[in-house]
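Work through the exercises below with the sequence and the model in view, and try each task before reading its solution.

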Amino acid sequence: MNAAVLLIASAAVLVAGYVFYGGWLARQWGIDPKRKTPAHELKDGMDYVPAKTPVVMGHHFSSIAGAGPINGPIQAAVFGWVPVLLWVLIGGIFFGGVHDFGALFASLRHKGQSIGEIIDDTMGKTAKRLFLTFGYLTLLLVVAAFSSIVASTFGTTTAAGAAVEGATLAANESTAMISFLFIVLAIVFGFFVYRKNAPIVVASVVGCLGIIAIVAIGLNFHPISLTYNTWMWVVGAYILVASVTPVWILLQPRDYLSSFLLYFMIGAGLVAVIGAVLAGQGSFSVPAFGDATLKGTGVFTTGTAFPALFVTIACGAISGFHSLVSSGTSAKQLDNEKNAKPVAYGSMLIECLVAVISLCAIGFVWAAAADGTYASPTQVFAGGLSAMIATFAPGAQNIMYQMLILAVSVFCLTSLDTATRLARYMFQEFFLEQGQTAKDVTGYKKVLANPYVATVITVVLGVSLGMTGYSKIWPLFGAANQLLAAIGLLAVCTWLGAVGKNNKMFYIPMVFMLAVTVCSLVQTITAKMKAYVSGAADFWALIQSVIAVLLVVLSLVLAFIAAKTLIKQHQDKKNIKPEEAA
């Protein structure tokens with residue numbers, strides 16, 4: 001398979017999906033550009049802050065991406081490029097895009113409130129509390145997994161305590177320094193744009209020049225040298241502060257600037273793949289239908305294609321975390337309802353394109369990935385694309401590798417901040433009635449609904465779980481995240497039915513995702529319990545098993561409530577008399 005043909009054909013399919021299927025969804029649901037959005041209606045300068053479309057899209061994409069569209073396809077490549085590509089394209093257009101767009105639209109029509117509040121309206125308070133518990137557990141796994149990935153790309157040691165040496169050590173220290181400077185740059189950018197009203201075009205140009213400057217500084221000056229465990233707590237302190245500050249100070253400007261890293265990463269991927277092919281070295285060595293002997297080795301996942309493929313490739317096809325971002329932060333910043341399609345559906349399909357680029361990257365360095373040369377999927381991604389670029393521009397390989405590693409780490413930090421903020425919302429919502437704030441309650445509820453208390457609890461639990469290393473968290477995170485997608489689909493489907501809009505496009509995705517993820521979690525529970533009982537696994541394996549059991553039970557109860565709601569909606573429609581319908 002020619003990598004350039006694979007990439008160009010995939011991009012064409014995704015564009016067609018956006019124009020035709022995305023446009024059809026917007027018409028079916030009744031997107032209204034004249035309708036006032038929650039960002040304007042409830043503007044508070046803290047969470048509800050209207051922003052220009054590029055800013056919201058930068059935030060949304062940076063938050064949903066993280067390392068997901070990179071890690072998933074690379075780990076799942078062991079099943080073959082054909083299954084991976086089909087799931088990315090079909091999943092993105094008909095599963096993930098529908099899920100993200102629907103969640104954002106539903107939240108816009110609910111004053112920017114979360115999926116939990118939408119469930120409260122359609123399925124009742126008990127279902128809402130079950131969902132909040134489910135979503136919070138999943139967000140803890142997001143915090144654990146992504147903080148571990150960040151600490152691994154910054155630290156002088158691995159999660160297991162082994163020393164990192166040579167070029168990898170220098171790259172880690174440089175990435176840490178550049179990431180720190182990037183945060184400072186974002187704060188300065190936000191101050192001038194939001195408080196001094198600097199023109200966005202001028203600020204963007206200066207911001208891009210600033211990114212180039214901090215990369216140059218970080219590559220030549222990187223005095224910060226900390227272990228994995230130390231970085232875990234540093235990252236924890238960062239997300240604790242970042243997730244409770246007004247969005248204009250850090251979240252919006254950082255995410256907007258990181259969107260330029262996204263454009264760079266996609267552009268670099270396109271140039272790398274096409275350039276390598278033109279140079280006569282655009283090989284693509286991933287087998288069409290996989291190599292069973294490689295499962296569970298190196299960077300590859302384990303298990304059978306069903307359900308492992310659909311759980312491993314999450315963010316590149318469909319991800320439950322996206323519905324929390326859509327309904328948690330993006331809906332509070334959207335300036336106009338017409339922008340819901342490009343922000344939610346468009347970002348999902350761009351993420352699919354990143355997933356295809358990741359597949360091309362491992363295709364170029366398949367032999368090295370198979371023999372364990374690379375320690376992580378992120379290294380495969382950066383190593384594969386930089387090696388492609390070296391086929392026609394050898395001098396650019398090192399800087400390209402560093403820039404790609406930086407982009408991934410910035411996206412992970414963004415996802416961490418957003419996940420912590422969302423977990424705070426959910427934790428607070430659990431102790432509040434609809435429309436209440438922490439000021440309206442007393443006693444223990446007042447304490448636990450306090451935003452700072454909720455954030456501290458989230459950070460401590462998430463970082464502690466992440467200390468075990470991302471490789472131990474990722475399989476459970478993947479299954480929980482995909483199960484959350486099934487619940488998100490159920491929630492939006494029942495809401496659309498309640499307001500009389502077409503919801504049939506949700507039926508197949510939600511049933512399929514529920515079946516896939518429950519099957520995967522049952523396998524995880526069985527494997528981890530066996531390992532713990534035999535003494536082959538530590539206490540954290542037992543904790544993960546308990547979390548997995550809770551997720552399965554919660555999801556099945558929610559699915560049962562949703563099914564009853566949908567059946568009742570269907571019966572109510574059948575019982576409407578012709579004269580009443582008129």
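**Exercise 1: an arginine and a glutamate**

In this predicted model, R109 and E337 form a salt bridge in which the closest N and O atoms are 2.8 Å apart. Find out which parts of the chain this pair ties together, and decide how accessible R109 and E337 are.

Solution. Begin with the positions: R109 belongs to the loop between helix 5 (81-108) and helix 6 (115-123), while E337 belongs to the loop between helix 13 (320-328) and helix 14 (340-364), so the salt bridge ties together parts that are 228 residues apart in sequence. Next, take the accessibility of each partner: R109 has a relative accessible area of 21% and is partly exposed, whereas E337, at 2% relative accessibility, counts as buried.

**Exercise 2: a lysine and a glutamate**

Determine which helices are joined by the salt bridge of K128 and E117, and state whether the two residues are buried or exposed.

Solution. The side chains of K128 and E117 meet at 3.0 Å, N to O. Since K128 lies in helix 7 (residues 125-154) and E117 in helix 6, the pair ties together parts that are eleven residues apart in sequence. Both K128 and E117 are buried.

**Exercise 3: an arginine and an aspartate**

Locate the helices that hold R254 and D417.

Solution. First, R254 forms a salt bridge with D417, with the closest N and O atoms 3.0 Å apart. R254 is in helix 11 (residues 251-278) and D417 in helix 17 (residues 397-430), so this pair ties together parts that are 163 residues apart in sequence. Finally, R254 counts as buried at 1% relative accessibility, and D417 counts as buried at 0%.

Terms used: Residues are numbered from 1 along each chain as its sequence is written. This is a predicted model: local features need pLDDT of at least 70, side-chain atom pairs count only at pLDDT 80 or more; totals for chains, interfaces and linings use all residues. Side-chain values use heavy atoms; hydrogens and water are left out. A salt bridge is a side-chain nitrogen of Lys or Arg within 4 Å of a carboxyl oxygen of Asp or Glu. Helices (H or I, at least four residues) and strands (E, at least two) are DSSP runs, numbered from the N terminus. Buried means under 20% relative accessible area, exposed over 50%, partly exposed in between (1.4 Å probe, protein chains only).
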